[in-house]
Amino acid sequence: MKIPPPVASPAPMPARIVAVDVYRGFVMLLMMAEVLRLSNVAEALPGNDFWAFLGWNQSHVPWTGCSLHDMIQPSFSFLVGVALPFSIAGRMAKGATFGALLKHTLVRSLILILLGIFLRSINRSQTNFTFEDTLTMIGLGYPFLFLIGYSRQRTQVIALVLLLVGYWLAFALYPLPPAGFDTTTVGVPAGWEHNMNGFAAHWNKNTNLAAAFDRWFLHLFPREKPFLYNRGGYTTLSFIPTLGTMVLGLFAGHSLKSGSAPRERIRFFLLTGAALVAVAALLHFTGICPIVKRIWTPSWTLFSGGLCFFFLAFFYWLTDVAGHKKIMLPLMVIGMNSIAAYVIADAGIAAFISSSLSTHLGENFGQVFGNAYAPLVRGIPVLALEWLVLYWMYRKKIFIKI
């Protein structure tokens, strides 16, 4: 399976790949659709398999495994890697030097980190210095992705392997907590059903290497109170294997930018995706490295990366091969303004819209189909209005780029 040449190659620029915008739009729609609160509907309708399925896929799994909602962050990161060859080639075509590209990369990285911190600090009494959200993860890894993109094909593969194996080894060598350790001191209930035993325990919630790092690192910044643990188990060091996800996207971007036939591209995506999922499953079920999104284990990098290849293959076939671009316009509108969509979904704008709707339609407008469906009824107009804002920006050609 041959990976296309590196980003600095003089391959001619192809037409815009619609699938990238559509896939990105799909991912951001999943994030924006949190306002529908499907898990609340499922809880109000116990025993209903349909709503239970939808609610589960709009929630993050407690620790190991994967739901559709868990694919938002890896997909967004993967697509950063996919877009990089096109971004660099476009700037080089305009005469940009390596120094200028590196400067732009560092500035973009800093903006992403600061934007992530800003969004996490909304409604806080002081700045919330946290580095485990999507934007800061990408920002921390982006300069390294840029440099890897300029290396040779073989070097890119070696860098990915060393990155994932090294991260796995660091966790494996970190000592397990002593017998009788009180896990409640790190926010994990005693006897938590999702804790793993044996060698896999090196990747348990808040008793792993990355959690210990944060108990030191996050105290280097001003805090409202001492940092003891992250309630969800998320960690700063996850940016390292997230970089691996972006490198996988880089390989996909090389393929899209190459002159290979569409059939060959789809074949590459499907075979690569299948191989990655198979290796990840082997590592997980043998206990060598469990699939955990919250701490972005190397097996999660492989597993989610494989699924990203499948998603990209589907959207590429649907839009750029089969030509069904018009029906994908709703997703394209979101995908071409993904930063704006991210801010809309994460900056409390949904709450403002919902409050405004209550002002004009009354507090009980969501009760039209009963209490169980109230979260969904209230969320649908919020999601629609958010999309209309993005559609207006699309029509006016207002695109927020970093």
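**Helix 5 and its neighbours**

I started with what helix 5 packs against. Its buried residues pack against helix 4 (72–93), helix 6 (134–149) and helix 13 (338–346). I kept in mind that this is a predicted model.

Next I listed which residues those are. The buried residues of helix 5 are Leu101, Thr105, Ser109, Leu112, Ile113, Leu115, Gly116, Ile117, Leu119 and Ser121.

Then I checked the span of helix 5, which covers residues 98–121. At 1.5 Å a residue, its 24 residues should span 34 Å. I found its end C-alpha atoms 35 Å apart, so the span agrees with the expected one.

**Just past the end of helix 5**

What follows helix 5? I found Asn123 there, with a positive phi. Its phi is near 70°, and Asn123 is a residue other than glycine. I placed Asn123 in the loop between helix 5 and helix 6.

Is Asn123 buried or exposed? Its relative accessible area is 81%, and the cut-off for exposed is over 50%, so Asn123 counts as exposed.

**Another positive phi**

I also looked up Lys397, again a residue other than glycine with a positive phi, here near 60°. Lys397 sits in the segment after helix 15 (374–395). At 66% relative accessibility, I put Lys397 down as exposed.

**Stepping back to the whole chain**

How many helices and strands are there in the chain? I noted 15 helices and 0 strands. Why call the chain as compact as a globular protein of its length? Its radius of gyration is 22 Å, and the globule rule gives 21 Å for 402 residues; the two values are close, so the description holds.

For the overall dimensions, I wrote down that the C-alpha trace spans about 55 × 55 × 45 Å along its principal axes.

I then asked what share of the chain is buried. Of its 402 residues, 51% count as buried.

Contacts came next, and I took those with a separation of 6 or more. Residues 24 or more positions apart account for 76% of them.

**Surface and charge**

My last two entries are about surface and charge. The chain exposes about 18,900 Å², and carbon and sulfur atoms supply 66% of that area. I noted 30 positive and 16 negative side chains in the chain. The centres of these two sets lie 14 Å apart.

How values were computed:
Residues are numbered from 1 along each chain as its sequence is written. This is a predicted model: local features need pLDDT of at least 70, side-chain atom pairs count only at pLDDT 80 or more; totals for chains, interfaces and linings use all residues. Side-chain values use heavy atoms; hydrogens and water are left out. Helices (H or I, at least four residues) and strands (E, at least two) are DSSP runs, numbered from the N terminus. The radius of gyration is taken over C-alpha atoms; the globule rule is 2.2 Å times the number of residues to the power 0.38. Buried means under 20% relative accessible area, exposed over 50%, partly exposed in between (1.4 Å probe, protein chains only). Contact means heavy atoms within 4.5 Å. Accessible areas come from the Shrake-Rupley method with a 1.4 Å probe; for residues, only the protein chains shown count as cover. Lys and Arg count as positive and Asp and Glu as negative; His and the chain ends are not counted. The place of a charge is taken as NZ of Lys, CZ of Arg, CG of Asp or CD of Glu. The expected span of a helix is 1.5 Å times one less than its number of residues.
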